[in-house]
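Biologist: Could you take a close look at one part of this model for me, the place where two helices pack? I'd like the residues, the geometry and whatever else is worth setting beside it.

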Amino acid sequence: MTGRRTTPSPGELWAPFVDGLPVDGASITVITRTGLSSTVSTSDEVAARLDGLQLELGEGPRWQAFRTGVPVLVPDALQPGAHDAWPLFGVRLPPLGVGAVFAIPLVLGVLVVGIADLWSPAATGPWSETQLAEALGIAAAAAGPSVELATRSASSPRPVSPSTSAELRREVHQATGMLVVQLDVRPPEALLRLEAHAFATGRPVLDVARDVIARRLDLSAQE
Amino acid sequence: MTDMNEPDQHSGIAAEDREGRLGRAFVALADTLTSDYDLVELLQLLVDTCTDLLDTAGGGLLLADAQGRLQLVASTSEQADLVELVQIGAQNGPCFDCFASGTAVTVPDLRDTDGRWSSFTREALAQGFASVHATPMRLRNQVIGTMNLLDVKPRALAGADIAVAQALTDVATIGILQARLLRESTIVAEQLHSALSSRVLIEQAKGVLSATTRLSIDDSFRALRAYARRTNTPLRTVAAGVVDRTLDVTAR
């Protein structure tokens, strides 16, 4: 917000969470008031998968934390009742080797601008007050740089860093555009059809999107 | 209640009456902060209230601008003399010292300043003022201005009065900083929203074009960009038209 500084790299954003807290990985997603999201930083494949799942399913601790502005801490994801708020997402955790998940709001001033999704392979004990304070502090420091990174990468014609999932989601929107033509529908319905096909075939939305773009998949043929 | 060692103090105002006035003052200040408040109106209320409650003769409120220079934002009178006096104090005077240090500066007798702030002291005495008290507008390490009270009598404000002035000033300071924070974060959030929604539109437009023309995604982008340049239209607008199916960028 003030002063000039270099745009942060994705690694600089997730590292403080993994270094300072009992977690193995983190992803950082910026979310606008209308629910548009951009994932600016992921530390590993599992974090990327957890990010993708919450996006595709539309449920998960991230959305709960974004709505309420309050951290969602699930130190034991296998405990009965742990998934009540997000059952579809919950069943995907054990196969991924995830034992605990935490969603920490990124607060800029008084606005919640995104969420840091943290994961751990085994159940951790409940967090101490010190750990929670630490998490909130790291999140507060990451909020401004995350928004800046998301804004800059969205504004640039070429993906800033091809390996970040933020850029890869461009393919979902490109595929949506193609479906607008193939199915003769407006973008919201085109996206829904893309997601429905992914859900029905058990594949990630991104994979289906790539098939559409490569003209390997024509959904109008499935009418 | 009166302390014979203090130059002058409230002696005639009953404690309950003062409490009532103080309570009403806090309510009035808090009221301006909860609705869409007007900054100048708020600061005018603050300096008028303090002047009235502390029974001083006049005052002026200085707020730092974006460059860190103190600007007079509100004063108890528009009288040019008073205005100029406070402005002098903003350059070199108790007002400026208060701002620079973040602590209150009190001058019980302007005839006894050890030669500090000669222009301010000379001008203040010439206008009939004899004492001044400057209160910082401060939250933790941030000082955003000063609230300055002047009196025609030599006078040291009582500890309770100093505390009242500081408390009222603190309410105003917190409200101002909160509003600024909200404004700044809203701007940043809006920029993000704009960037993300434009990006979504542009990517969708690439897909639409790719499906209708059989061009690759990259070539579709080039076609979009070429059209935008040729027609001097923002890329986002072109993208919106393509996705809407109302714009054909391949038409000659």
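**A helix pair in chain B**

Modeller: Sure, and keep in mind that this is a predicted model. Let's start with who touches whom. From α2(B), the residues Leu39(B), Leu42(B), Leu43(B), Leu46(B), Thr49(B), Cys50(B) and Leu53(B) meet a set from α6(B), namely Val164(B), Ala165(B), Leu168(B), Thr169(B), Ala172(B) and Ile176(B). Sorted by class, that contact between α2(B) and α6(B) has 11 nonpolar residues, two polar ones and no charged ones.

Now the geometry. Two packed helices are described by the angle between their axes and the distance between those axes. Here α2 of chain B, residues 39-53, packs with α6 of chain B, residues 159-213, at an angle of about 175°, and the axes lie 10 Å apart. Angles over 145 degrees count as roughly antiparallel, so α2(B) is roughly antiparallel to α6(B).

For a different kind of packing, hop over to chain A. There, five strands make an open sheet in the order β2-β1-β5-β4-β3, with antiparallel pairing. Its edge strands are β2 (37-42) and β3 (72-74) of chain A, each pairing on one side only. From one strand to the next, the twist averages 20°. Helix α1 of chain A, residues 10-20, packs on this sheet and touches β1, β2, β4 (100-108) and β5 (111-120) of chain A. The direction of α1(A) makes about 125° with that of β1(A). As for β1(A) itself, residues 25-31, this strand pairs with β2(A) in the antiparallel sense over five bridges. In that neighbourhood, Ile31(A) has Ser37(A) in β2(A) as its bridge partner.

Technical notes:
Residues are numbered from 1 along each chain as its sequence is written. Chains are lettered from A and ligands numbered from 1 in the order in which they are written. This is a predicted model: local features need pLDDT of at least 70, side-chain atom pairs count only at pLDDT 80 or more; totals for chains, interfaces and linings use all residues. Side-chain values use heavy atoms; hydrogens and water are left out. Two strands pair if DSSP finds at least two bridges between them. Helices (H or I, at least four residues) and strands (E, at least two) are DSSP runs, numbered from the N terminus. Axes are lines fitted to C-alpha atoms, for helices over the stretch in contact, and angles run from 0 to 180 degrees between N-to-C directions. Contact means heavy atoms within 4.5 Å. Angles under 35 degrees count as roughly parallel, over 145 as roughly antiparallel, 65 to 115 as roughly perpendicular and the rest as oblique. Ala, Val, Leu, Ile, Met, Phe, Trp, Tyr, Cys and Pro count as nonpolar, Asp, Glu, Lys and Arg as charged, and the others, Gly among them, as polar.
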